[in-house]
Amino acid sequence: MKIKIPPKVAMFMWRFFLDRLSSKENLRRGNILVDKDEGLCPVCYLEVESIHHAFFNCVLARSVWKACYNWLRLQSVLPQCPIAHFYQHSSDWIRLRKK
């Protein structure tokens, strides 16, 4: 099944899976941010802002996922790997679309 998505979304997802979004962790890796405190998540200030933290582990991200699950009436556990997360939810999306 081929899914039509806008080019901007496709580019974002490609960069997401390759860990090429401008997270603070990636900016530190590229020596753009030098101070260690600059790299903390601006929402929770508990961990370095990585792609994984921003989309899955941060308090705000977890509450958004939980609200989405409740809205879709799904029960799920957030996978630790972004690609596993994508595959888990793409199969859910295909299943819901067939109804």
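## A first walk through a five-helix chain

His-53 sits in helix H3, and that makes a good place to begin a tour of this predicted model. Is His-53 buried or exposed? With a relative accessible area of 2%, His-53 is buried, because anything under 20% falls in that class. Which residues does His-53 touch, once those up to four places away in sequence are set aside? The list runs Cys-41, Cys-44, Glu-47, Val-48, Cys-58 and Ala-61.

### The chain as a whole

Now step back from that one residue. The chain contains five helices and zero strands, and reading along the sequence gives the pattern α-α-α-α-α. Of the 99 residues in the chain, 23% are buried, and His-53 belongs to that class. The chain exposes about 7,700 Å², with carbon and sulfur atoms supplying 62% of this area. What share of the contacts between residues at least 6 apart in sequence joins residues at least 24 apart? In this chain that share is 35%.

### Aromatic rings

Helix H3 also brings us to the aromatic side chains. How many aromatic pairs does the whole structure hold? A search finds seven. One of them brings together Phe-12 and Phe-55, whose ring centres are 6.0 Å apart. Their planes meet at 55°, so this pair is described as tilted. Phe-12 belongs to helix H1 and Phe-55 to helix H3, so the pair links distant parts of the chain, 43 residues apart.

Both partners are partly exposed: Phe-12 has a relative accessibility of 36%, and Phe-55 has a relative accessible area of 30%. Ring pairs also build something broader, a cluster that takes in Phe-12, Phe-16, Phe-17, Phe-55, Phe-56, Trp-65 and Tyr-69.

### Charged partners

Next come the charged side chains. In general, side chains of opposite charge can pair when their charged atoms come close. This structure holds two salt bridges, listed here.

| Salt bridge | Distance between closest N and O atoms |
|---|---|
| Asp-19 and Arg-29 | 3.8 Å |
| Arg-29 and Glu-25 | 3.4 Å |

The pair of Asp-19 and Arg-29 links distant parts of the chain, with Asp-19 in the loop between H1 and H2 and Arg-29 in helix H2, ten residues apart. The pair of Arg-29 and Glu-25 lies within helix H2. Because these two residues are four apart in that helix, about one helical turn separates them. Which residues are linked in a network of salt bridges? They are Asp-19, Glu-25 and Arg-29.

How open are these residues to their surroundings? Arg-29 is exposed, with a relative accessible area of 52%. Glu-25 is partly exposed at 29%, and Asp-19 is also partly exposed, at 25%.

### Two residues with positive phi

Asp-19 deserves a second look for its backbone. Most residues other than glycine have a negative phi. What is the phi of Asp-19? The value is about 55°, which is positive although Asp-19 is not a glycine. Asp-19 is found in the loop between H1 and helix H2, which spans 24–29.

Asn-31 is another residue other than glycine with a positive phi, in this case near 60°. Where does Asn-31 lie? Its place is the loop between H2 and helix H3, the latter covering 51–57. Asn-31 counts as exposed, because its relative accessibility is 65% and the exposed class begins over 50%.

### A nonpolar patch on the surface

The last stop is at the start of the chain. Which residues form a nonpolar patch on the surface? Ile-3, Ile-5 and Val-9 do, and together they have about 240 Å² of accessible area. Ile-5 is placed in the segment before helix H1, which runs over 7–17. Is Ile-5 buried, partly exposed or exposed? Its relative accessible area of 45% makes Ile-5 partly exposed, because that class lies between 20% and 50%.

### Looking back

To gather the tour together: His-53 is buried in this predicted model, Phe-12 and Phe-55 form a tilted ring pair, and Asp-19, Glu-25 and Arg-29 are linked through salt bridges. On the surface, Ile-3, Ile-5 and Val-9 make up a nonpolar patch.

Note on methods
Residues numbered from 1 in each chain as written. Predicted model: local features only at pLDDT ≥ 70, side-chain atom pairs only at ≥ 80, totals over all residues. Heavy atoms only, no water. Patch = residues over 30% accessible without salt bridge, like charges linked within 9 Å, V, L, I, M, F, W, Y side chains within 5 Å. Areas by Shrake-Rupley, 256 points an atom, 1.4 Å probe, with all protein chains shown as cover. Salt bridge = Lys/Arg side-chain N within 4 Å of Asp/Glu carboxyl O. Buried < 20%, exposed > 50% of the residue type's maximum accessible area, 1.4 Å probe, protein only. Contact = heavy atoms within 4.5 Å. Phe/Tyr/Trp six-rings, centres within 6.5 Å; stacked < 30°, edge-to-face > 60°.
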